[in-house]
Amino acid sequence: MSPMTIEERLALNKYDVDTEAHIRLNENICQECQPRICLYICPAECFKLRDGRLSFAYEGCLECGSCHVCCDKGAIDWSYPRGGFGVAFEYG
Amino acid sequence: MNIIVCIKQILDPEMPPVKFKIDAQAKKVIAPEGIPLVISPFDEQAVEAALRIKDAQEAKVTAITMGGQSAKDAVKHVLAMGVDEGIVLSDEAFNGSDSFSTAYVLSQAIQKAGEYDLILCGRQAADWDAGQVGSIVAEELGIPVVTLARKVDATGGTVRVERVIPDGHEVVEAPLPAVVTVSSELGQARLPTGRGIVMAARKSIPVWSAQDIGCDVSRVGAGAARSEVVALTLPIHERKGEIVSGETGAQAAVNLALKLRENRII
Amino acid sequence: MSDKFDAIVVGAGPAGCATACKLARAGLEVLVVERGKFPGAKNMTGGVIYGPVLDSLFPGAPGDIPVERAIGRHVICLLSDRSSVSLDFNMAGSGDRNGYTVLRSRFDRWLANKVEEAGGIVAAGLRADDLLWQGQRVVGITAGGDEFRADAVIAADGVNSTMATKAGLRVNLSPENVNQGVKEVIGLPREAIEERFGLTSDSGAAIHFLGFCTRGVHGGGFLYTNKESLSLGVVVQLKALMESNLKSVDLLESFKEHPTVREYIRGGTTVEYSAHLVPAGGLRMVPRLFTDGLLVAGDAAALVLATGRALEGINFAVASGIAAAETVLKAKERNDFSKESLSVYEKLLADSFVLQDLKTFREAPRFLENQRLYQTYPELACKLAEEVFRVDGKPKKKLWQLARQEMKGRVSIWQLLRDGLSARSSL
Ligand SMILES: Cc1cc2nc3c(=O)[nH]c(=O)nc-3n(C[C@H](O)[C@H](O)[C@H](O)COP(=O)(O)OP(=O)(O)OC[C@H]3O[C@@H](n4cnc5c(N)ncnc54)[C@H](O)[C@@H]3O)c2cc1C
Ligand code: SF4
Ligand code: SF4
């Protein structure tokens with residue numbers, strides 16, 4: 001089986017994306033942060049570096065909680081999406 | 001005021017495209033087992049239209065759906081939004097019904113449900129996009145129909161509808177009882193509240209069979225279908241990209257406009 | 001409508017559904033709130049329910065439970081980068097079975113249905129946001145902007161439990177206590193699965209991997225058979241993952257490329273990708289299990305047994321859910337939901353396999369911190385097997401000589417002995 005990009009992986013899942021983000025970052029903290037562990041830890045790669053800045057997109061989130069556990073800088077205001085929103089696994 | 005809303009469950013339009021499968025031989029869509037059906041978005045807006053009327057005046061809203069095992073989930077969802085009662089119409093005999101048979105079954109159920117002033121439907125089901133059921137229900141019941149509503153006001157004995165037309169809207173009035181089909185321009189349907197969800201989960205939902213609503217079974221199901229699916233194919237998505245450039249931004253825009261004109265897109 | 005219930009259960013996973021099922025059957029008015037659009041929508045697991053725990057709730061299990069396959073073959077497989085050594089316990093042919101594979105999106109929906117059949121109310125698509133307090137006592141929850149009251153609240157809201165955290169029963173998770181799992185469901189025809197894994201039509205296989213699957217990172221891999229798909233995944237300790245600068249999805253990709261695994265999944269198509277955390281801190285991580293008006297069950301209470309081989313969480317969730325229900329029933333008799341009254345819960349768990357197994361394996365998490373388990377030993381095993389089985393025309397050596405030769409530079413005899421003793425005492 002050929003390797004898949006993260007986008008291809010996430011495209012297999014069904015999402016009901018809420019209009020508001022369920023995870024918010026304190027950008028000031030993230031700007032100063034090294035080594036930005038969230039870049040490696042997020043299994044949906046919601047965290048990306050763009051022109052040296054950390055950008056975050058909640059839409060593909062798999063709701064695992066890893067970023068919340070691993071960021072020790074207190075930059076993440078984390079919650080699950082509102083009821084009914086977010087990913088819905090077909091198999092699980 | 002008694003309002004009845006007809007709702008239909010469809011394959012989830014948010015479903016990943018790769019999961020969409022058909023059986024071309026049997027001309028049937030194969031619903032993936034793990035992705036529950038949802039209410040057609042236009043029907044959800046019809047429910048919203050009903051609830052907006054109910055927000056403003058004394059009204060009772062009843063939702064009716066024809067469907068299988070999961071039809072109750074559709075009813076629960078609209079109960080959670082604020083609908084008062086829900087009825088499921090389920091019978092082997094209904095399987096394979098086309099727009100005509102479906103409208104007949106719905107109109108039988110509407111008559112059994114009791115008094116009605118206003119019947120709301122989505123402008124079309126977002127799966128087959130036929131857009132016929134609302135009008136045929138009106139025909140069956142012998143009452144007027146106004147299609148493509150973006151705003152519905154019902155007071156006294158009339159319904160006042162802002163009706164979407166290609167270059168704006170027109171205002172149409174009809175005497176009640178009447179059928180109105182609702183378009184997406186009505187705006188977002190409301191989300192269920194916490195209390196609504198719990199109340200809906202508690203409610204028992206009656207299931208009516210063909211016999212319960214006095215259906216003439218020769219008029220329903222695949223056998224009675226007056227329309228036929230000739231072929232069913234999956235669209236092939238071709239992604240062709242072309243980058244239109246120009247010396248300056250403005251020049252690029254002009255080139256783009258020319259390209260679009262060339263291809264008769266504008 | 002009165003918004004007061006006998007009990008409110010947060011989360012319609014195995015823990016929550018077991019609690020609610022038992023309470024509803026006893027005639028209590030139970031409300032289950034589940035944030036997923038439908039029960040199971042948010043839940044992922046490796047896939048094996050171990051032991052007979054479902055029988056107590058559903059006599060004659062599996063019966064109509066939507067299980068995928070009954071396990072007739074358990075395999076432990078050590079991976080080097082290009083070969084593998086397995087211990088294969090095969091009872092598939094004898095008809096004996098132990099455990100079932102499940103797909104949670106379907107299984108949890110079925111469980112929640114059983115709750116409804118028993119008279120419980122399942123409100124899906126509703127996220128519990130906070131606890132309602134009266135002084136020191138939990139008296140309900142808030143959800144979707146509304147308040148719901150109950151004599152007892154059961155937090156069965158899984159590994160990231162908001163409820164147990166808000167109740168102050170536990171602190172936030174820490175990276176050394178939780179593992180991250182990523183998983184693919186890979187569609188494959190039934191016949192191909194049965195042929196490749198040597199199975200009969202109803203039996204299934206559970207393969208656990210150590211070694212190259214995590215490229216030496218603390219964790220392991222799994223491959224389970226479903227009816228017409230495979231569940232393939234990698235589970236790694238978050239702390240080790242952070243230190244490795246690797247991504248779990250990359251581990252999953254290279255795991256799929258491993259020659260041993262590649263053959264199993266050949267020709268398959270990935271139909272889902274998911275991720276989930278799982279508590280792995282063992283007994284030391286288990287928080288206080290109750291307070292006035294509140295009980296914590298399943299993953300929310302970190303009741304998971306991780307021995308490096310398999311993960312047992314679903315059976316623990318169900319058993320703790322049942323114990324929570326029994327506790328509430330007793331409290332209801334006394335009409336006393338204080339923490340003194342609810343302390344029965346801990347006793348019930350201590351008498352069952354839930355806390356007993358966690359006690360027996362209390363040292364396992366420490367043992368599993370040993371880096372050699374994830375690289376040195378799997379590689380050593382493969383090397384050794386290669387030397388034993390390869391006939392290359394050169395004079396042969398005895399097994400012990402081969403072992404010494406392969407150990408050189410990787411691990412000393414003393415380390416090996418110490419690890420062996422440590423394994424003996426903790427596993
Ligand atoms: C990769 C991986 C592999 C595993 N393999 C196995 C295995 O093979 N065998 C095994 O026995 N165990 C396994 N486990 C562990 C097992 O999955 C868990 O222990 C088990 O699912 C715990 O059940 P639970 O009911 O406590 O929690 P969950 O199954 O997590 O259920 C919690 C429920 O609560 C809901 N919820 C959460 N917060 C809220 C809220 N605020 N409001 C409303 N609802 C909420 C969630 O949506 C969810 O439905 C594995 C875990 C992982 C991650
Ligand atoms: S989220 Fe945390 S780890 Fe990531 S960049 Fe911000 S502060 Fe750093
Ligand atoms: S919860 Fe998990 S998937 Fe979502 S952003 Fe955090 S790490 Fe990524």
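Me: Is Asn335(C) buried or exposed?
Reply: In this predicted model, the relative accessible area of Asn335(C) is 60%. The cut-off for exposed is over 50%. Asn335(C) is therefore exposed.

Me: Where is the place of Asn335(C)?
Reply: Asn335(C) is not a glycine, yet its phi is positive, near 50°. Helices α8 (314-334) and α9 (339-342) of chain C flank the residue. Its place is the loop between α8 and α9 of chain C.

Me: Which value is phi of Lys27(B) near?
Reply: Lys27(B) sits in the loop between β3 (21-23) and β4 (28-30) of chain B. Lys27(B) is partly exposed, with a relative accessible area of 31%. Its phi is positive although the residue is not glycine, and the value is near 55°.

Me: In what order do the nine strands of the open sheet in chain B run?
Reply: The pairing in this sheet is mixed. Strands β11 (168-175) and β13 (207-208) of chain B each pair on one side only, and they form the edges. From one edge to the other, the order is β11-β10-β9-β12-β8-β1-β6-β7-β13.

Me: What angle does the direction of helix α2 of chain B make with that of β7(B)?
Reply: Helix α2 (residues 71-81) of chain B packs on the sheet. The helix touches β1 (2-7), β6 (60-66), β7 (85-89) and β13 of chain B. With β7(B), its direction makes an angle of about 165°.

Me: Which residue in β11(B) is the bridge partner of Arg160(B)?
Reply: Strand β10 (residues 158-165) of chain B runs antiparallel to β11(B), and eight bridges join the two. Across from Arg160(B) in β11(B), the bridge partner is Glu173(B).

Me: How far apart are the closest N and O atoms of Glu173(B) and Arg160(B)?
Reply: The two side chains form a salt bridge. Glu173(B) is in strand β11 and Arg160(B) in strand β10 of chain B, so the pair ties together parts that are 13 residues apart in sequence. Glu173(B) is exposed at 52%, whereas Arg160(B) is partly exposed at 41%. The closest N and O atoms are apart by 3.9 Å.

Me: Which residues of helix α5 of chain B are buried?
Reply: Helix α5 comprises residues 194-202 of chain B. Cover for its buried residues includes α2 of chain B, together with β1 (4-10), β2 (30-34), β7 (121-124), β9 (137-143) and β10 (146-155) of chain C. The buried residues are Gly194(B), Gly196(B), Ile197(B), Val198(B), Ala200(B) and Ala201(B).

Me: What accessible area do Phe20(B), Val29(B), Trp128(B), Val229(B) and Leu234(B) have together?
Reply: These residues form a nonpolar patch on the surface. Trp128(B) lies in the loop between β8 (118-122) and α4 (133-141) of chain B, and it is partly exposed at 49% relative accessibility. Together the patch residues have about 410 Å².

Me: Which residue in β5(C) does Arg73(C) stand opposite?
Reply: Strands β4 (residues 70-79) and β5 (residues 84-90) of chain C run antiparallel, joined by seven bridges. They form a hairpin with four residues between them. Opposite Arg73(C) in β5(C) stands Asn90(C).

Me: How many residues apart in sequence are the parts that Lys48(A) and Glu7(A) tie together?
Reply: Their side chains meet in a salt bridge, at 3.8 Å from N to O. Lys48(A) lies in strand β3 (residues 47-50) of chain A and Glu7(A) in helix α1 (residues 6-10) of chain A. Lys48(A) is partly exposed at 27%, and Glu7(A) is partly exposed at 48%. The pair thus ties together parts whose separation in sequence, in residues, is 41.

Me: Is Lys114(C) buried or exposed?
Reply: Lys114(C) forms a salt bridge with Asp64(C), with the closest N and O atoms 3.6 Å apart. Lys114(C) lies in helix α2 (residues 104-117) of chain C, and Asp64(C) in the loop between β3 (48-49) and β4 of chain C. Asp64(C) is exposed at 52%. Lys114(C) has 16% relative accessibility, so it counts as buried.

Me: Which residues do salt bridges that share partners join into one network?
Reply: Over all chains, the count of salt bridges comes to 51. In this network, shared partners link residues of chains A and C. The members are Arg9(A), Glu184(C), Glu253(C) and Lys256(C).

Me: What is omega for the cis peptide bond that joins Leu176(B) and Pro177(B)?
Reply: Pro177(B) has its place in the loop between β11 and β12 (178-182) of chain B. The bond from Leu176(B) is cis, and omega is about -5°.

Conventions
Residues are numbered from 1 along each chain as its sequence is written. Chains are lettered from A and ligands numbered from 1 in the order in which they are written. This is a predicted model: local features need pLDDT of at least 70, side-chain atom pairs count only at pLDDT 80 or more; totals for chains, interfaces and linings use all residues. Side-chain values use heavy atoms; hydrogens and water are left out. Two strands pair if DSSP finds at least two bridges between them. Contact means heavy atoms within 4.5 Å. Axes are lines fitted to C-alpha atoms, for helices over the stretch in contact, and angles run from 0 to 180 degrees between N-to-C directions. Buried means under 20% relative accessible area, exposed over 50%, partly exposed in between (1.4 Å probe, protein chains only). Patches are made of residues with over 30% relative accessible area and no salt bridge: like charges are joined within 9 Å, nonpolar side chains (Val, Leu, Ile, Met, Phe, Trp, Tyr) within 5 Å. Accessible areas come from the Shrake-Rupley method with a 1.4 Å probe; for residues, only the protein chains shown count as cover. A salt bridge is a side-chain nitrogen of Lys or Arg within 4 Å of a carboxyl oxygen of Asp or Glu.
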